[in-house]
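Me: Hello! I am new to this structure, and I would like to know why things in it are called what they are called. Could you take me through it?

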Amino acid sequence: MSQQQSQEETGMMPSQQQQPHVLLVSFPLQGHVNPLLRLASRLASQGLLVTFTTFRHAGLRALPDDDDDGAGRRIRFEYLRDVSPSDDDDARYYQDPSEMLRHVADVGPAALAALIRRQAGAGRPVSCVVNNPFVPWALDVAAGTGVPCGAMLWIQSCAVLSLYYHFYTSPEAFPSDADPGAPVVDAPGLPTVAADELPLMVRPEYARNLWGDMLRAQLGAVGNKKKTLSWVLVNTFYGLERSVIDALRTHTPVAPVGPLLEHDQDLHDDDDGGDGCMAWLDAQPSRSVVYVAFGSLVSIGRGEMVAVAEGLVATGRPFLWVVRDEVLPEGALAACGGGKGKGKVVSWCPQGRVLGHGAVGCFVTHCGWNSIAEALAAGVPMVGYPWWSDQFTNAKMLVEEYRVGVRLPAPVTRDGLRACVDEVMSGPRAAAFRMRATAWKEEATASVADGGSSDRNLQAFVEDVRRSHEERESEGAGGRIDSSGGIAIST
């Protein structure tokens, strides 16, 4: 077969065919998709061929149409399944996260194996599969289809990763069914963690459900030499979690590559973001705005929404509040002045850009890790209001270790929210919160800059992918490259 025939059949130039190909596999929730997309952008900027896949459905934002050639983008998109809202048989699985988890586990492995085979048939064999939590089967499929390298992007903090790891290896140190109120947990490199500060999946009432089973399967590959998991990439930076990273590295080679931020992403929404919010921020005084967002999953209920609205109005400050797709309860809308007061309510906004705007002085957050990492990278103090999963641990670290804010007592009340916002923005500790937040911003910026610790870890991962790719290419040609060099993870 001639070189011209080869190009015509694969649709790729020779230089593209020779690129190592990384396939990123995400669980189809927005908080899982976003950091993996940002990692995809960074890998593509290193000259790797990058394909992103998940189950695309109506609840996910910013995912382009399935394509075969990248359509001019640095990242290719080829989905395991593309679910139309009109497809009642499939769409019903994506209304509830637990149903989604079951469905994805049932049909995902076969769909991924077929996708990997299609890549090989198109002349772009996969060199490495990177998954994120709750699709643990992706690494087994990769091994079964001959992919030489497997990696995980851990999308929560290294502190939470450590708690999960030690729970699955030393469960006797954690609260149990026999003693669910056990007071504290001590894990290497972490402060003492109270039972109500643990992530949900290590608490007795959650540890044995389907979510816990998936985490156990995913983390069972960590440190297991029989598995294909070569790298544990973490969306954090060394300076933020130094002690827990050092302690965890005695068990597995965790490699911080964060913070993975919105502006890294090779996808862009409209210039002004959600409903003119950036222009609205431009008109506000410096550090005056309270930004409120509770993530893509948390629903706080009508009564608490009214309390949040009343509390925001009571602060007397301008506020930007993201209320996703729900209709704002009439009482909350009235408390906000019917949309004519100091606040602005939107269904979505570009959070990274909002947090980076000079008008934002405080972030009221559900303490999802993506949100915490973005706020630290932007130097914004926080009021934490955790709801589930890892958010309780994140809130503890925000207050006690990072020291950039306070935790809002539950359930939220008008006066409780007002008091917390006032404490963070104008109370006796406000200047200290701002100073520490600025220091974390500087350290985060240095970590991802050329030569920073996260940048060096990413470079080491890219070189390992290239090495695996070259070994397979050499084996295919009848030879073998000796690559005995070790992996250097940076601090």
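Reply: Gladly. Let us begin with a word we will need often: a residue is buried when its relative accessible area is under 20%, exposed when that area is over 50%, and partly exposed in between, using a 1.4 Å probe and protein chains only. Helices (H or I, at least four residues) and strands (E, at least two) are DSSP runs, numbered from the N terminus. This is a predicted model, in which local features need pLDDT of at least 70 and side-chain atom pairs count only at pLDDT 80 or more, while totals for chains, interfaces and linings use all residues. Residues are numbered from 1 along each chain as its sequence is written, and side-chain values use heavy atoms, with hydrogens and water left out.

Me: What makes up the protein, in terms of helices and strands?

Reply: The protein has 18 helices and 17 strands. Of its 491 residues, 56% are buried.

Me: What makes strand β12 mostly covered?

Reply: Strand β12 spans residues 289–293, and five of its five residues are buried. Val289, Tyr291 and Ala293 point one way, Val290 and Val292 point the other way, and all are buried. In a regular strand the side chains alternate between the two faces of the sheet.

Me: How do you know that β12 is paired with strand β15?

Reply: Two strands pair if DSSP finds at least two bridges between them. Five bridges join β12 to β15 (residues 360–365), and the two run parallel, so they meet that rule. Ala293 stands opposite Thr365 in β15.

Me: And what joins β12 to strand β13?

Reply: Three bridges join β12 to β13 (residues 319–322), again running parallel. Tyr291 has Leu320 as its bridge partner in β13, and Val292 has Trp321.

Me: What makes both faces of β13 covered?

Reply: Phe319 and Trp321 lie on one side, Leu320 and Val322 on the other, and all are buried. β13 also pairs with strand β14 (residues 344–346) in the parallel sense, over three bridges. There, Trp321 stands opposite Val345.

Me: Why is Ala444 called buried?

Reply: Its relative accessible area is 2%, which is under the cut-off, so Ala444 counts as buried. Ala444 lies in helix α17 (residues 430–448). Leaving aside neighbours within four places in sequence, Ala444 is in contact (heavy atoms within 4.5 Å) with Phe237, Pro259 and Ala377. The C-alpha atoms of Ala444 and Ala377 are separated by 5.6 Å, although these residues are 67 apart along the chain.

Me: Why does Ala113 count as buried?

Reply: Ala113 has 12% relative accessibility, also under the limit, so the word fits. Ala113 is found in helix α5 (residues 97–121). Beyond its neighbours within four places in sequence, Ala113 is in contact with Val141 and Thr145.

Me: How many aromatic pairs are there, and what makes a pair?

Reply: A search of the whole structure finds 15 aromatic pairs. Rings of Phe, Tyr and Trp (its six-membered ring) pair if their centres lie within 6.5 Å; planes under 30 degrees apart count as stacked, over 60 as edge-to-face and the rest as tilted. One of the pairs is Trp231 and Phe461, at 5.5 Å centre to centre with 75° between the planes, and it is edge-to-face. This pair links distant parts of the chain: Trp231 is in strand β10 (residues 229–234) and Phe461 in helix α18 (residues 453–476), 230 residues apart. Both Trp231 and Phe461 are buried.

Me: Why is the pair of Tyr385 and Trp387 called edge-to-face?

Reply: Their ring centres are 6.1 Å apart and their planes stand at 80°, so the pair is edge-to-face. Tyr385, at 2% relative accessibility, counts as buried, whereas Trp387, at 30%, counts as partly exposed because that value falls between the two cut-offs.

Me: Which residues form an aromatic cluster?

Reply: Phe27, Phe134, Trp211 and Trp388 form one.

Me: How do you know that residues far apart along the chain meet?

Reply: Among contacts with a separation of 6 or more, 69% are between residues 24 or more positions apart.
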